[in-house]
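Subject: Structure for you to look at

Dear colleague,

I am passing on the structure we talked about, together with some notes on what turned up in it. Please open it alongside this message and follow the residues as they come up.

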Amino acid sequence: MAAVQVASLFPSGQQREAPREAIPERGSGFRRLSARLCALRPDDSSSARTEIHLLFDQLISENYSQGSGVAPQFLSSWRFRNMFVFTFGAQGPRTLWHIDVSALLVQACRLVPLNQNHLVSKVSQLNHHLLNRLQVIVDEQHLDFLLAYTISAIHQCSSWTHMEILQALAALVYCNGSKCQKYLPELLGKTGLLMKLSDLAQSDPEVRRAAVYCMAKLCLSMPGQPYLEEPCQNVCFQAFLTILQSPKSSDMDDVTFCMLLQNALKGIQSLLNGGRMKLTQTDELGALLAVLKKFMFHGLPGLNIEMPTVLYPTPLPQYDGRTPIKPQQSESSASRPTLNKKKKSRVKPKKIQQGEEEEKESSGEIEAAPVTGTGRVNLHEGNTWCPSSLGVQSLPLDGSGAAGKDGVSSPFSSSSWKRVSSSESDYSDAEGGMQSKMRSYQAKVRQGALVCFLSTIKSIEKKVLYGYWSAFIPDTPELGSPQSVSLMTLTLKDPSPKTRACALQVLSAILEGSKQFLSVAEDTSDHRRAFTPFSVMIASSIRELHRCLLLALVAESSSQTLTQIIKCLANLVSNAPYNRLKLSLLTKVWNQIKPYIRHKDVNVRVSSLTLLGAIVSTHAPLPEVQLLLQQPCSSGLSNSNSATPHLSPPDWWKKAPTGPSLEETSVSSPRGSSEPCWLIRLCISIVVLPKEDSCSGSDAGSAAGGNYEPSPMRLEALQVLSLLARGYFSMTQAYLMELGEVICKCVGEADPSIQLHGAKLLEELGTGLIQQHKPDSTAAPDQRVPVLLMVMFWTMMLNGPLPRALQNSEHPTLQTSACDALSSILPEAFSNLPNDRQILCITVLLGLNDSKNRLVKAATSWALGVYVLFPCLRQDVIFVADAANAMLMSLEDKSLNVRAKAAWSLGNLTDTVIINIQKH
């Protein structure tokens with residue numbers, strides 16, 4: 001009989017299926033060792049201590065990934081309390097032996113008296129190893145004993161054991177802060193254990209770091225769990241803040257200092273996540289922002305800034321403590337080549353034993369900051385060229401390029417900004433490894449500060465945050481003065497792609513929802529006053545954000561960071577008041593982003609469409625955007641390495657429809673411009689045409705059969721078409737019948753998301769047609785869509801998959817959107833529809849009024865309220881009576897939204913009745 005150990009129960013309570021092949025006998029090692037440990041009794045003899053030592057060593061060295069009773073997937077993904085060990089024979093499972101891991105740890109502690117320092121150190125290592133390796137959830141009874149034992153051990157044992165004991169304590173309090181209330185005064189009180197060991201007076205830097213790490217674990221809690229009480233939160237926050245404000249002590253090495261900073265930043269982040277802790281005091285918030293800004297640039301090559309203790313809200317740029325740059329340095333750097341083509345030397349950093357858990361917690365690998373050959377460009381005065389490897393047209397960022405004549409300015413030409421590069425001949429392998437490891441830890445500190453800043457942004461009100469706008473957002477520098485350090489400094493200069501992406505995420509969070517704050521910006525007229533108005537300062541900041549983000553766009557080589565840059569640009573475009581700013585800002589963004597529509601990475605392509613959608617939706621219609629939409633189709637899109645379908649000639653749409661041909665209808669269809677809209681044609685081709693070239697590996701999740709673009713790409717293209725129909729209908733109307741075929745194809749697909757976005761596009765087109773034919777419309781009569789063409793359009797819709805979508809009760813959101821689309825039919829077009837199509841619309845709406853879904857019922861009530869005003873239906877007594885009954889029924893619905901829509905419809909019905917009475 002072969003003995004085999006398998007993992008414990010699934011969360012659902014079902015036992016994990018036993019493996020078919022028996023694992024060798026060595027897999028029963030943990031069971032055997034645990035049984036021996038549980039059989040021991042406290043004994044102070046030398047032989048007993050030796051046996052305990054041996055058992056602890058064997059338990060620590062046991063392989064828990066293979067044949068140990070724990071499946072590897074459990075070690076990485078599940079937290080469980082008990083392990084269940086099965087033995088298997090020829091007839092299947094024979095016995096079940098239950099091991100309680102937390103009880104095993106309690107037994108181990110009971111065997112070790114506190115006067116045995118070596119054994120206490122060893123049992124602490126065992127606790128730390130098993131709790132972290134097996135991710136065990138300790139129940140409250142055992143947790144109480146283990147905490148008491150561990151705290152007593154720190155008080156009574158020699159100082160050389162404190163490191164291991166603190167590691168065990170950190171593993172115990174991890175996500176258990178609310179269960180440690182009994183011991184919090186002893187840990188976090190004025191003379192508390194963790195407070196004393198994390199104090200600046202602590203002589204051992206490793207113990208100090210371990211104490212701060214333990215405190216950070218204590219502050220962490222999982223969603224749904226109770227948090228630490230507010231007094232304890234404040235104590236921990238002040239302790240973390242003090243550590244961040246204190247300089248590095250002379251007895252602490254750089255790596256330990258970086259790990260100490262990471263732990264303090266993680267602790268503050270845990271306190272702020274989920275809005276648990278509110279920063280209401282100005283000094284408290286200002287002190288935190290000051291240290292966060294300082295450590296955002298920690299170890300950044302060529303930059304060393306000094307920050308005050310507190311940042312205060314002010315509209316003016318403040319506290320730039322950099323050393324002035326010498327003029328000769330700028331001149332010499334400007335004369336150097338733009339691109340550094342030295343061969344990069346990439347050295348993989350080695351892990352160190354201390355603080356191994358902190359490294360595991362940081363998601364993803366941190367690039368060790370190679371400084372040349374990364375595809376990023378050094379920014380100097382004059383023209384900056386995009387590397388050809390990006391697949392972007394080589395555009396000089398001067399007046400003719402997308403970045404404009406102020407595309408590059410002198411603040412970035414200093415040699416102090418150059419990335420620190422090193423070749424193999426500069427230093428030995430050992431020195432190179434240390435420098436690479438040091439850069440990696442410094443990058444982690446910068447990332448930790450940025451992630452903590454992101455949590456801070458989410459925990460305070462935006463109106464408070466914008467008081468510190470000038471401290472983190474760049475402003476156009478004065479002539480001859482260096483640019484202040486900001487988030488864009490990291491985006492342009494940090495050697496780590498992950499840090500650059502973190503900085504862009506923070507900038508996006510600041511820009512999100514900033515429309516009201518940025519709405520004061522104005523620079524439409526030249527400023528010639530003795531002082532600079534606040535509106536001009538904000539406008540200058542917006543211009544500088546555009547300039548820096550476009551520079552970062554050209555220089556970036558990492559697809560993930562490139563996606564963040566484009567998303568950040570989309571946030572900026574969505575909130576900036578371009579109607580109050582000088583022209584050309586959107587033109588620069590538009591021309592720069594066009595090549596990225598054909599980028600090999602699908603996320604970059606999707607975010608590029610998102611940015612184009614933001615441009616066409618901001619303050620629409622803008623004359624500048626209207627001119628951009630009329631650009632030739634080939635402008636900026638010529639890229640042979642395309643992953644999106646090529647634009648087809650206009651006649652690819654011309655099929656054999658019922659009724660008049662599309663050629664005839666297109667003659668009578670007015671066009672807003674002689675030039676076709678390249679963006680509409682691009683989006684149509686993305687949605688409908690099969691992709692011609694193979695996409696990258698990130699194109700997973702594409703449409704059915706893989707014949708079309710990935711679903712996110714198609715959805716974003718439909719969203720852009722909807723935005724164009726809403727803001728620039730005069731250009732969209734030229735493609736009315738083509739878009740009708742796109743809608744029919746989308747609504748007829750199996751993907752509910754594609755169906756929904758197709759219905760949304762139909763609603764926007766119908767609304768645009770109604771707005772165009774209103775009496776107060778600014779469109780000239782000869783520029784409006786003829787009623788005959790609208791009748792053909794809606795006949796195509798009602799003969800297509802739209803009726804099936806209206807009756808698809810499995811997708812009520814689709815039904816709701818289809819009802820909204822049905823209510824956007826122009827009355828004149830409805831009256832000219834075939835009789836059976838009119839009856840279909842009325843019948844479906846009256847039937848859906850009995851829907852149990854409140855969204856569908858509200859949309860139906862609204863549509864019936866629209867239909868009762870149609871002149872062709874006013875005289876239909878049966879329809880008016882049925883509509884009145886449906887409205888009265890909806891007035892009794894429990895949903896306020898349904899009742900409000902029904903009340904509005906009832907008002908329209910009253911108007912119809914009054915009109916009928918007046919006529920008769």
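Proline 621 is a good place to begin, and you will find it in the loop that runs between helix H25 (602-617) and helix H26 (623-629). Please keep in mind throughout that this is a predicted model. The peptide bond that leads from alanine 620 into proline 621 is cis, and its omega is near -5 degrees. Histidine 619 belongs to the loop between H25 and H26 as well, and its phi is positive, near 50 degrees, although the residue is not a glycine. With a relative accessible area of 35%, histidine 619 counts as partly exposed, because that class covers values between 20% and 50%.

Cysteine 175 also has a positive phi, of about 60 degrees, without being a glycine. This cysteine is located in the loop between H7 and helix H8 (184-188). Its relative accessibility is 6%, so cysteine 175 is classed as buried, the cut-off for that being under 20%.

That brings me to the helices. Helix H5, which covers residues 117-134, is made up of 18 residues and spans 25 Å between its first and last C-alpha, close to the 26 Å that would be expected at 1.5 Å a residue. Of the 18 residues in H5, 13 are buried, so that the helix is mostly covered. The residue that follows H5 is glutamine 135, and its phi is positive, near 50 degrees.

H5 packs with helix H7 (residues 162-173), their axes lying 8 Å apart at an angle of about 30 degrees. The two helices are therefore roughly parallel, since angles under 35 degrees are put in that class. The crossing in which H5 passes H7 is left-handed.

A second helix pair is formed by H37 (residues 835-848) and H38 (residues 854-867), which pack with their axes 9 Å apart and at an angle of about 140 degrees. H37 and H38 are oblique to each other for that reason, because an angle has to be over 145 degrees to count as roughly antiparallel. H37, too, passes H38 in a left-handed crossing.

Turning to the aromatic side chains, a search through the whole structure gives 11 aromatic pairs. In one of them, tryptophan 590 and tryptophan 678 meet edge-to-face, with 5.5 Å from centre to centre and 80 degrees between the planes. Tryptophan 590 is part of helix H24 (residues 585-593) and tryptophan 678 is part of helix H28 (residues 678-688), so this contact ties together parts of the chain that are 88 residues apart in sequence. Both tryptophan 590 and tryptophan 678 are buried. Elsewhere, Tyr466, Trp469, Phe517 and Phe534 make up one aromatic cluster.

Finally, there are two places where an arginine meets an aromatic ring. The charged end of arginine 110 is positioned over the ring of phenylalanine 145, at 5.0 Å from the ring's centre, while arginine 714 lies over the face of tyrosine 708, with 4.8 Å to the ring centre.

With best wishes

Definitions and conventions
Residues numbered from 1 in each chain as written. Predicted model: local features only at pLDDT ≥ 70, side-chain atom pairs only at ≥ 80, totals over all residues. Heavy atoms only, no water. Phe/Tyr/Trp six-rings, centres within 6.5 Å; stacked < 30°, edge-to-face > 60°. Helix = DSSP H or I, 4+ residues; strand = E, 2+ residues; numbered from the N terminus. Buried < 20%, exposed > 50% of the residue type's maximum accessible area, 1.4 Å probe, protein only. Lys NZ or Arg CZ within 6 Å of the ring centre and 35° of its normal. Expected span 1.5 Å × (residues − 1). Axes fitted to C-alpha atoms, helices over the stretch in contact; angles between N-to-C directions. Parallel < 35°, antiparallel > 145°, perpendicular 65-115°, else oblique. Left-handed = near helix turned anticlockwise from the far one by under 90°.
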